[in-house]
Every structure is written in C-alpha cells, then in structure tokens.
Amino acid sequence: MRKYKKTMIGVVLLLLLFLASYLYPLYGPMDFNKQILVSDEKGNILGRAPFPPSFEHIMGTDRNGQEMHLLLLYGAKYTLVTALVVALLRVIFGGAMGVFLSIYAPILKKYFKDFFVIFRYIPTIFLGIVLMLPVNGTFERPMSSVVAYQILMLVFLGFPSVTIFASEITDQLVRTSFVKSSYLMGASKFHVIRKHLMPYFRSYGVLFTFQQLLSALQITMHLGIFEFFLGGQTIGGTFGYEEPPKAASLTNEWAGLIGQNFHDFMRAPWMVFVPILGFFVVILIVNMMRKELEEQMNSSLVLKKEDRKKELVASSPFQLEKHHFEFVQNEQHSKVLPEIVGNGSKKRFLSRKALIWGFVVVFISVVTMYEPGGKARIPEAASAKKKFTATKPVVSISPLAQETPPPEEQKHHAVGEEIKLKDSALMITKVEKSQGTPEEKPKKGNEFFVITVEIKNTGTEKVKFAPHYFSVTDSKGNLYMQPFLMIDIDTTLSSGELDAGSSITGTLAYELPIGEKFQVQYFPFQQVNGPIIDLQ
C-alpha cells in the first residue's frame with residue numbers, strides 16, 4: 001500500500017465526507033438554519049435572504065435563507081453515491097459487453113460501432129435532457145423508481161464508449177502470444193477470459209472506474225444547470241420568485257444546488273460557487289487517485305527488452321541445452337578444452353547463459369560480415385593493414401536455430417514521410433510536445449507527446465484502423481503503452497474501418513521521459529512486422 005499513498009488518502013477523505021453527509025440527520029438542523037428576514041429589536045427589517053458569506057453565515061445562504069455549507073454537506077451523499085454507482089455499472093456492463101463482442105460475437109461488433117457512432121456527434125447533454133424528460137417533475141420525497149430510472153439513463157449515456165474501449169482492449173490482449181498459445185493447447189473461451197484476461201481487466205477496470213466517476217460528475221453537473229435534478233424537484237420551489245416558482249432540488253445534491261441558484265449568479269454568486277467548490281474538491285481528489293493509479297499501471301506496462309527476451313526463451317518449447325551444440329576446437333586449445341569440458345566432468349567452462357550469448361554473438365558476426373552471395377564485407381582500409389585468418393563457425397543443431405529464419409532489417413522512416421503499405425498508406429504528420437494543462441500534467445521528468453497520424457485506404461477493400469496498432473519504444477528497448485490522457489480527447493484517433501479511397505486523421509498521446517529518442521512502431525491488423533518511424 002505504500003505505493004498508493006495518494007489513493008488511500010483520497011479514499012479516506014471521500015469516505016469521511018460521505019459519512020458526515022450520511023449522519024447529518026443525527027447532528028445537523030433539518031431546516032439548515034433557515035432565516036429569510038433579519039430585523040432589529042423594533043421589528044424593522046434589516047436584511048433579506050440571500051445573505052453573503054460572513055462570520056455568521058460561513059458560506060452565505062440561498063434565497064430560502066438556508067446555510068449553503070449545510071446544504072452542501074447534506075447533499076454530498078446523493079452526489080457521491082450516484083456518481084459511484086453510475087461509474088461501476090458502466091464499467092461492469094460495458095466491460096462485459098465489450099468482452100462478449102470480441103470473444104463470442106465479433107461479427108456483431110461492427111454493427112454495434114456503426115449504430116453508436118452517431119452519438120459521438122451529438123453532445124451528451126442533449127441526449128441526457130431527452131432521456132430525463134419522462135421523470136422531470138415535482139415530488140414530495142425521492143421516489144425509488146425515479147432515482148433508478150435516472151441512474152439507468154446515466155449509465156446508458158456512457159455505456160457505448162466503455163463497451164468499445166473494452167472491446168479494443170480485448171482485441172489487443174487476444175493478439176498476444178500467451179493467449180494464442182492457450183487457444184492452441186485447447187483452452188476454452190471462458191478459460192481464456194478467466195485466467196488470462198481477468199488480471200488485466202481488474203487493473204483497467206479500477207482505473208476506468210475513476211475516469212467514469214469523473215464523467216458521471218460532469219454530466220450530472222450539466223443536467224443540473226438545465227434543472228434536471230437527481231431525485232426530482234420540490235413542490236414549493238425557491239422562495240422569492242414570481243409565479244411560477246423556480247425549481248429547487250428535492251435532495252439538495254450538488255448539481256441541483258447549481259441549477260436552482262444559477263439564475264442568481266450575478267446577484268449572489270456564492271450560491272453557485274459553493275457547490276462548484278464541492279465538485280472541484282471531489283474531482284481534485286478523484287483525479288489525484290486516478291493519476292497515481294495510472295502512473296503505477298504505466299510503470300508496470302514498460303517492459304525491459306532483456307526481460308522480454310527471457311520470457312521468449314522461457315516460453316519456447318526448445319530449450320537450449322549443452323548437447324545441442326558441437327564445439328570445433330582450435331589446435332591451440334585442443335589440450336585445454338577436453339580437460340574442462342570432458343565427458344562426465346562436473347566442471348563447466350561456460351554456463352548455459354554464456355553458451356547462448358556466445359551463439360548469438362557468433363551468429364550476428366557471421367551475418368553482418370558476409371553478404372548473401374558469400375563475399376566478405378571487409379573495409380578496404382582494414383583489409384590493407386590486417387590479415388584475417390579464417391575460423392570455423394560454431395555449428396548448432398538446435399531445432400529452434402534450424403526453423404527460425406534470421407530477422408530482416410526494417411527500414412526506418414521519418415516524420416512527414418508517406419509510408420506505402422500493402423493496401424494503405426501511413427504518415428505521421430506532426431509531433432508536438434506538451435507540459436500538459438492545469439488539470440492534467442505529466443509526472444516529474446516526463447512530458448506529453450501528441451502524435452498526429454494520417455491513414456489512407458489505397459486498396460479496393462475496407463481497411464481496419466485502431467489506436468492500439470501503434471506503440472512507442474525508446475533507444476533502450478523499453479515499450480510504452482498508450483495511457484489514458486485527456487489532453488487530446490477531442491482529436492484522439494478512434495477505431496473502425498476505412499472505405500476504399502477514404503482517409504482518417506487523429507492523434508495519439510503518450511507520456512514519455514524527457515531527453516530520450518523514440519520510435520513509433522505500427523502493426524496493422526493481422527500483420528507481424530510493420531514500419532518504424534523515428535520521432536526525432
């Protein structure tokens with residue numbers, strides 16, 4: 001838990017706020033110290049609500065003369081519980097639907113995306129207003145059916161995006177080698193989900209729950225401005241207006257406090273700023289927790305090149321052993337080696353790791369020294385001064401060495417260069433560095449990279465595109481996955497299919513160390529090797 005100090009502090013603060021709100025009827029006045037008029041001893045009226053912040057009224061009062069800090073404290077439980085329930089239901093149902101589409105019904109995924117893609121072009125607040133109209137009325141007390149309907153509609157507003165995200169993550173995980181190996185060994189789809197995908201979904205699920213928590217707080221705030229309150233409206237409304245009276249929140253949740261007082265923003269701005277301050281504090285705490293979880297996840301996703309090689313060797317069915325090699329002895333070592341590597345001797349001249357690295361070094365030396373035609377590539381200056389003696393190369397009888405061809409050298413491309421692929425064309429048009437925004441900043445020693453990419457369909461059939469087809473590596477071989485960033489939320493590259501002759505442009509955002517040199521690797525759908533683009 002030491003790695004999650006900020007998260008634990010945030011959880012404790014939110015829990016204390018909820019308990020203080022939940023237990024408010026035990027210690028707080030139910031009329032919220034209501035005081036509409038202030039008069040002197042003679043009965044002369046000295047003032048009328050709303051009263052500004054002062055020593056007597058810590059955060060001021062509203063038109064009904066109720067203390068704003070007491071209203072804020074009372075309504076906190078409705079705001080927090082609603083946002084948390086909505087976020088959890090979005091992640092649970094959306095995640096389950098995304099996994100189902102990718103694993104059990106991939107043919108339906110295209111129709112799902114085509115149907116819900118129209119919602120990307122319609123502001124969410126408009127959909128929320130339309131969906132909330134059936135329960136926009138006045139009530140004496142919060143009705144369970146009304147609250148349940150409002151929560152379901154809020155879940156529905158974020159359900160498509162969560163489903164598409166979960167489906168893309170599932171597609172990316174299914175393409176990994178350990179999942180493919182599990183399928184080849186006869187594992188069922190349910191076994192793959194339970195054993196291989198669930199550990200990743202737990203990490204992504206926790207992080208995405210915090211993001212959906214922020215999204216739920218945002219949409220409820222917007223709905224409150226349009227007088228769509230959680231739990232409904234009171235019958236009496238707000239005091240001091242001509243008929244009909246202005247709507248007032250029945251539960252005093254924070255979005256309702258903003259909406260019911262928004263008309264008096266110029267006259268009494270504290271009535272709006274106080275609930276906004278409550279949202280600000282909660283969003284600040286949630287975002288602090290989200291950033292810490294994201295940093296921990298990103299650090300665990302950065303794999304060292306050496307670790308990946310160890311995993312590949314360990315997972316290979318052909319383990320390199322001593323009897324897989326024949327060592328050709330030079331005359332000068334013919335007397336020494338038999339004594340050290342003799343039959344039945346317990347002493348080893350080279351460890352297994354040294355044998356593997358020796359084989360790799362000799363193999364690379366042979367490949368780089370000789371051209372395909374067999375002619376040695378020896379620099380003229382070196383060949384004029386030195387005499388090279390031919391040595392016999394190490395002969396390997398390992399099945400892995402016999403079946404695996406030497407890797408082909410990939411060509412590196414530059415930013416702004418159009419890369420022609422089999423049925424498409426790719427180009428990174430721009431790379432921008434950023435220190436973030438006041439709401440979202442990189443951790444110390446890092447900076448944001450916003451990469452603009454353009455993909456064209458030059459073939460005759462549809463071409464798939466997705467942000468997870470791209471990955472970034474540095475000069476040390478570290479692999480960086482694309483994190484969850486809001487810096488390019490309006491321009492981020494989506495996923496889908498391109499029709500023949502069409503193109504799409506989008507951005508990819510990464511948080512990378514300052515001063516390193518990076519490369520973008522592009523692995524299109526069902527393709528092992530893709531182009532490499534140098535960002536510097």
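**Figure 1. The crossing of helices α1 and α3 is left-handed.** Welcome to the first close-up of this predicted model. Helix α1 spans residues 5-22, and its partner here, helix α3, covers residues 68-103. The two pack with their axes 7 Å apart and at an angle of about 125°, which makes α1 oblique to α3. If you would like to find the contact yourself, start on the α1 side with Leu-14, Leu-17, Phe-18, Ala-20, Ser-21 and Tyr-22. Facing them from α3 are Leu-73, Tyr-74, Gly-75, Ala-76, Lys-77, Leu-80 and Val-81. Sorted by class, the residues of this contact come to 10 nonpolar, 2 polar and 1 charged.

**Figure 2. Helices α5 and α8 cross in a right-handed way.** Here is a second helix pair to look at. Helix α5 runs over residues 124-132 and helix α8 over residues 189-225. Their axes lie 10 Å apart, and the packing angle is about 65°. On the α5 side you will see Thr-124, Ile-125, Gly-128, Ile-129 and Met-132. These meet Ile-219, His-222 and Leu-223 of α8. The contact of α5 with α8 is made up of 5 nonpolar and 3 polar residues, with no charged ones.

**Figure 3. Thr-7 of helix α1 is buried.** This view returns to α1, the helix that holds Thr-7. The relative accessibility of Thr-7 is 10%, and a residue under 20% counts as buried, so Thr-7 falls in that class. What does Thr-7 touch, once its neighbours within four places in sequence are left aside? Its contacts are Met-289, Glu-292 and Leu-293.

**Figure 4. Met-97 sits in helix α3 and is partly exposed.** Met-97 has a relative accessible area of 27%. Look across to Phe-159 and Thr-163, which Met-97 touches when residues up to four places away in sequence are not counted. Val-162 is also worth locating: 65 residues separate Met-97 from Val-162 in sequence, while their C-alpha atoms are 8.9 Å apart in space.

**Figure 5. Ser-167 is a buried residue of helix α6.** Helix α6 takes in residues 144-174, Ser-167 among them. With a relative accessibility of 1%, Ser-167 counts as buried. Setting aside neighbours within four places in sequence, you can trace contacts from Ser-167 to Gly-98, Ser-102 and Lys-109.

**Figure 6. Lys-430 and Glu-432 are joined by a salt bridge.** The side chains of this pair meet with an N to O distance of 3.8 Å. Both ends are partly exposed: Lys-430 has 40% relative accessibility, and Glu-432 has 38%. This is one of 7 salt bridges in the structure, and the next two views show others.

**Figure 7. A salt bridge links Glu-447 with Lys-433.** The closest N and O atoms of the pair are 3.9 Å apart. Glu-447 belongs to strand β8 (residues 446-457) and Lys-433 to strand β7 (residues 424-434), so you are looking at a link between distant parts of the chain, 14 residues apart. Which partner is buried and which is exposed? Glu-447 is buried, at a relative accessible area of 8%, whereas Lys-433 is exposed, at 53% relative accessibility.

**Figure 8. Asp-499 and Lys-462 form a salt bridge.** In this pair, too, the closest N and O atoms are 3.9 Å apart. Asp-499 lies in the loop between β12 (496-498) and β13 (503-513), and Lys-462 in the loop between β8 and β9 (463-465), so the bridge ties together parts that are 37 residues apart in sequence. Asp-499 is partly exposed at 43% relative accessibility, and Lys-462 is partly exposed as well, with a relative accessible area of 47%.

**Figure 9. The whole chain has 15 helices and 15 strands.** This last view puts the close-ups in their setting. The chain has 536 residues, of which 40% count as buried. Taking contacts between residues at least 6 apart in sequence, 70% join residues at least 24 apart.

Definitions and conventions:
Residues are numbered from 1 along each chain as its sequence is written. This is a predicted model: local features need pLDDT of at least 70, side-chain atom pairs count only at pLDDT 80 or more; totals for chains, interfaces and linings use all residues. Side-chain values use heavy atoms; hydrogens and water are left out. A salt bridge is a side-chain nitrogen of Lys or Arg within 4 Å of a carboxyl oxygen of Asp or Glu. Buried means under 20% relative accessible area, exposed over 50%, partly exposed in between (1.4 Å probe, protein chains only). Helices (H or I, at least four residues) and strands (E, at least two) are DSSP runs, numbered from the N terminus. Contact means heavy atoms within 4.5 Å. Axes are lines fitted to C-alpha atoms, for helices over the stretch in contact, and angles run from 0 to 180 degrees between N-to-C directions. Angles under 35 degrees count as roughly parallel, over 145 as roughly antiparallel, 65 to 115 as roughly perpendicular and the rest as oblique. A crossing is left-handed if the near helix is turned anticlockwise from the far one by less than a right angle, and right-handed if clockwise. Ala, Val, Leu, Ile, Met, Phe, Trp, Tyr, Cys and Pro count as nonpolar, Asp, Glu, Lys and Arg as charged, and the others, Gly among them, as polar.
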